[in-house]
Amino acid sequence: MDDTTGGDVVDDIGGQIAIIGMAGRFPGAADLDELWRNLRDGVDSIRDLTEDELKASGIDPALFNRPDYVRAAAPIDGAERFDATFFGFSPREAELLDPQSRVFLECSWEALESAGYVSDSYEGWIGLFAGVSLPAYLMSNLLPNRELMAQVDSFQLLLANDRDYFATRVSYKLGLQGPSVNVQTACSTSLVAIHLACQSLLSYHCSIALAGGIRINFPQLAGYLCPDGGIFSPDGRCRAFDAAGRGTLFGEGGGVVVLKRLAEALADGDTIHAVIRGSAYNNDGFEKVGYTAPSVNGQAQAIALAQAVAGVSPDTISYVETHGSGTPLGDPIEVAALTRAFRAHTERKQFCAIGSVKTNVGHLEAAAGVAGLLKTVLALQHRTLPPSLHFETPNPDIDFENGPFYVNTKAGAWERNGSPRRAGVSSFGMGGTNAHAILEEAPDRPPGSASRPWQLLLLSAKTPTALDASAARLAAFLRE
């Protein structure tokens, strides 16, 4: 298929990656169906905490009554629950294991299951590329428990909570024999993990790859101090690209995507949710005002490289899921970098929508990139652009009128512009590691051949209760 609108030739699928499975947990969303409904309906999943909730979390009233303490959080539900027996953990092992690892392990299983693969019977190598945030459970729950510490071997504690063992534990429990790599690039971690997973597939180091990241904080129902001049939002909301944007807040969540070379996914009849046409990453180096500051040059170069790898012209991209942290410094730099990358090939104005999932769920740090990517995949699937929240007046340092972009504030149909629906996804890490990916809607598939009028759907589970739950989920899916 030739796409003449942007001068792209898209019939060569050799360097493209199919997203064939996915799973996630986010504030107010136990699964991706709930996440999509929240995104589509413009739901703000950030919570304002009560004094009773803060006291129950052990927060000193002298702290949360300070004027610079912000009583807001974006927790996920069920972080304390874990099906330990399903994964072969003893009660003590499960008690010591970082809940970030627990939830990520469950999401990895669910993502593989959604792709239709069982790792221990799959003949090829399955890789894993993933990152995790700080071990807050260790610091807040385990170490202060002197009675528990007196009974626990320090090596056990290390294996259960240190970041170095995060990815390999999942590979061990799921029987994944491909590369197993921890990725830590701060806020860009999970999108870098996805990029590295794509590279591993393209170099034939594995046949399938899982990639993602997670962040869960403890105590979950806690606010934060907001010093002047920092990156934290003084009102507990992320107002990306808005004049009132003063910072971000950190939320919780995690996500996993299952990736496969597109040609093989098509040949194998896999469900394809979207396609990663190309991705790239780099680092700012020292050409910026400080180590934690963003760089126009660094971001623009990563975006332009991803577009070049994908072989697409910017004027065929109609949406960008931005890093969009809502900081007075970061937002104008991000739009300037995007504009520089786009302006190299097009002078069109306000043709490309932008948004930020951080306005719904907060900044998920190690999971921020996969959160933005999952939002974009869901939007491509539903052919709908969800609204970016809390945008009323443009940041005065951003010239939207003369640039390629506008902030999408209302849910609406995602129309084609002469090309397949395409999007960019950005994630930038404090310290300078920038990542960008170009996504495209799934290719049209020919209808299946005629078959028998009745089909058998086989269900299996490890317990009768789990089997009933699986049957209920299937029934709900068929009803919808």
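Let me begin with the charged pairs: there are 21 salt bridges in this structure, and I should say at once that we are looking at a predicted model. As background, side chains of opposite charge can pair when their charged atoms come close.

I will take a few of these pairs in turn, starting with E440 and R422, whose side chains meet in a salt bridge with an N to O distance of 2.7 Å. E440 lies in strand β19, residues 433-441, while R422 belongs to strand β18, so this pair ties together parts that are 18 residues apart in sequence. Both partners are enclosed, since E440 has a relative accessibility of 8% and counts as buried, and R422, at 0%, counts as buried too.

Now compare that with R261 and E264, which form a salt bridge at 2.9 Å, N to O. Here R261 is buried at 7% relative accessibility, whereas E264, at 26%, counts as partly exposed.

Then there is D41, which pairs with R40 in a salt bridge whose closest N and O atoms are 2.9 Å apart. In this case D41 is partly exposed, with a relative accessible area of 49%, and R40 is likewise partly exposed, at 35%. Finally for the charges, R25, E106 and E110 are linked in a network of salt bridges.

E440 also brings us to L380, because L380 touches E440, and its other contacts, leaving aside residues up to four places away in sequence, are A274, W414, R421, L439 and E441. L380 sits in helix α15, which covers residues 368-382, and with a relative accessibility of 3% L380 counts as buried. If you want a sense of distance, L380 and L474 are 94 residues apart in sequence and 23 Å apart in space, taken from C-alpha to C-alpha.

Let me turn to helix α13, residues 330-343, which has 14 residues and reaches 20 Å from its first C-alpha to its last, close to the 20 Å expected at 1.5 Å a residue. Is this helix largely enclosed or largely open? Of its 14 residues, 11 are buried, so α13 is largely enclosed by the rest of the structure. The buried residues include G330, D331 and P332 at the start of the list, and A341, F342 and R343 at its end. As for what covers them, the elements include helix α12 (296-310) together with strands β13 (319-321), β14 (352-355), β16 (405-407) and β18 (422-428); you will remember β18 as the strand that holds R422.

On the cysteines I can be brief, as the structure holds zero disulfides. The sulfur of C187 is 12 Å from the closest cysteine sulfur, which is in C238, and that is too far for a bond. C352 is in no disulfide either, with the nearest cysteine sulfur, again that of C238, 19 Å away. Both of these residues are buried, C187 at 9% relative accessibility and C352 with a relative accessible area of 0%.

I will finish on the surface, where L134, M139 and L143 form a nonpolar patch with about 300 Å² of accessible area together. L134 lies in the loop between β7 (126-132) and α6 (136-142), and, with a relative accessible area of 54%, L134 is exposed.

Methods
Residues numbered from 1 in each chain as written. Predicted model: local features only at pLDDT ≥ 70, side-chain atom pairs only at ≥ 80, totals over all residues. Heavy atoms only, no water. Helix = DSSP H or I, 4+ residues; strand = E, 2+ residues; numbered from the N terminus. Expected span 1.5 Å × (residues − 1). Buried < 20%, exposed > 50% of the residue type's maximum accessible area, 1.4 Å probe, protein only. Contact = heavy atoms within 4.5 Å. Patch = residues over 30% accessible without salt bridge, like charges linked within 9 Å, V, L, I, M, F, W, Y side chains within 5 Å. Areas by Shrake-Rupley, 256 points an atom, 1.4 Å probe, with all protein chains shown as cover. Salt bridge = Lys/Arg side-chain N within 4 Å of Asp/Glu carboxyl O. Disulfide = S-S within 2.5 Å.
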